[in-house]
Amino acid sequence: MSSVRTDSEGMAGRTGRLRIEPLEERILMSAAVLSAVGKISEGLFERDAERVRGDESRFPAERDRGFHAPPEPPPPGVAVQISPGDILVIDRDTLGEPDTPNSLRGAALLIDPLTGEQQVLSMDGPFLGPQDGTFSDEGVFYVVDRSAFQSGAVFVVNLFTGQRHVLTAGGFLENPRTVLYDDASDMLLVVDPFANPMDFADASGAIIGVDPVTGEQTLLLASDMTYEPVGLVAEPGGTFLIIDQLGAETPEGYPGGGRVLRWDPVTGDVEVVAEGGLLVRPREGEIGPDGALYVADWGSDPLNPGEYTNQTGSIIRIDLETGEQTLVAGGGNFMEPWNLTFAPDGTLLVADKGENNPSPNRGVLHAVDPATGAQQILSSGGVFYQPVSVQIVPEWYPELILAVEAATAGERTQFAIDGAIPGATVALFVSFDGPGSTTVDGVTLGLENAELVTTFQANASGHIGSSVWTPGALASQTVWVQAVSIAPGQPAEVSAVIERPVSG
């Protein structure tokens, strides 16, 4: 699931539903990420347990399970390169024992858009059934797992090292399926089709907000209009489209077929955009370049519109003004289209879970022409088992990932950098005046009046983990930090700007 970047006011402060703390009271974003980068400080790993919400006593058995041997990771000294436009797939069953209940499994995979070659990016436990992922505006990657810790969890994942840690588990989560980062509110929005906090008799499902640093959960929506919500799509105006795979009323009067709802987080209103028709078991969707919603429906029979099938599936276009539905693609090589996204060239990439494929490696990544419906298999076999999520690494994704722990005056501040060219010189800059523009040796930084703090050399994996002294005089101030990687003959790589209050 792609993240949401918008210049609108967003949800922050609009209602009492979202918990947005004052800046000085928060440890912003990357404090959590450092745990996934490596063991930079003992305290970071010790604090992971505090971020887990729910009854932790239920979970130890999940942590003790063995892990099926995955393919060998890249050899030491080989840096993983992740760039805007790359294809990222989450396979919920690869690398494990798919026919063994509670076997640790699932991974994030990088797919070459030209050859379809698969590269494992994330392989260490404790995934049990990863379903979806999203990028924050700092390049941090989050994964929702429907089965981890019995009732689901959200993980912070370092795509460069494969390491991860739990951000939140338990609480409102029952079986989460989708996660979406909302830049306007700095919230992770998690869709859980089986959460029913209001104990509705004839409805189910909830949208849960998760603080991306502390893991604190906030119930954002529990509506008697949802039955099994599984997808969430952001609209430009600040509203969201909820894809409910069992939300339409059949003539017999019970839920069956699918529907698309529009949710306004300001008013809490939920209204129907489209239901029934071609929608039978819709899963995920994305707004296309033409402004329409494109939905992957794993149960919609293209030969018998509106009828259920578990053998093929369809891609459906929905006009968001009229609700009109149009079949884009169906049949062919489709088995269970589960998720989709648009590539930069306008091609639809479709993750097909392929559960009914008799092949041991049954998942497929399709490329579909949205104008003609023509299908092409982009990637299959390999370590695919059940690919359930596909997304494009966003164009704003920084090549250099900087993670900075909370700063305390009179102490050392831990930080980590990933994605640098191996052996490159990496400079760390700071500003006390906020975002802006400073040019240093031909490189434009996103800082006003940037000052050089220190330089380091990236190791053979493009990683740096270290600390810098935070002077006591900075107590109660705010600093902005940015990193630059420079290697001979290569363009400079610049990280996102990280904002940190200094306590003390």
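**Four aspartates and a four-stranded sheet**

In this predicted model, Asp244 stands opposite Arg259, a residue of strand 14. The pair makes a good starting point for a look at the strands around it. Strand 13, covering residues 240–244, runs antiparallel to strand 14, covering residues 259–263, and five bridges join the two. Both strands belong to an open sheet of four strands, arranged in the order 12-13-14-15 with antiparallel pairing. At the edges stand strand 12 (229–234) and strand 15 (270–275); each has a single partner strand, so one side of each is left without a neighbour in the sheet. On average, neighbouring strands of this sheet are turned by 25° against each other, direction ignored.

Another aspartate, Asp352, lies in strand 21, which spans residues 348–352. Asp352 is buried yet has no salt bridge. The nearest side chain of opposite charge belongs to Lys353, 8.0 Å away, whereas a salt bridge requires the charged atoms to be within 4 Å. A backbone partner is found instead: the side chain of Asp352 reaches the backbone nitrogen of Glu336 at 2.7 Å. Leaving aside residues up to four places away in sequence, Asp352 touches a set of residues that includes Asn333, Phe334, Met335, Glu336, Pro337 and Trp338, as well as Gly363, Val364, His366 and Pro387.

Two further aspartates are found in loops. Asp186, between strand 8 (178–182) and strand 9 (187–192), has a positive phi of about 55° although it is not a glycine. Asp441, in the loop between strand 29 (435–440) and strand 30 (443–447), likewise has a positive phi, of about 50°, without being a glycine. With a relative accessible area of 78%, Asp441 is exposed.

Methods
Residues are numbered from 1 along each chain as its sequence is written. This is a predicted model: local features need pLDDT of at least 70, side-chain atom pairs count only at pLDDT 80 or more; totals for chains, interfaces and linings use all residues. Side-chain values use heavy atoms; hydrogens and water are left out. Two strands pair if DSSP finds at least two bridges between them. Axes are lines fitted to C-alpha atoms, for helices over the stretch in contact, and angles run from 0 to 180 degrees between N-to-C directions. Buried means under 20% relative accessible area, exposed over 50%, partly exposed in between (1.4 Å probe, protein chains only). Lys and Arg count as positive and Asp and Glu as negative; His and the chain ends are not counted. A polar contact is a pair of N or O atoms within 3.5 Å; within protein, one must be able to donate a hydrogen and the other to accept it, and residues adjacent in sequence count only if both atoms are side-chain atoms. Contact means heavy atoms within 4.5 Å.
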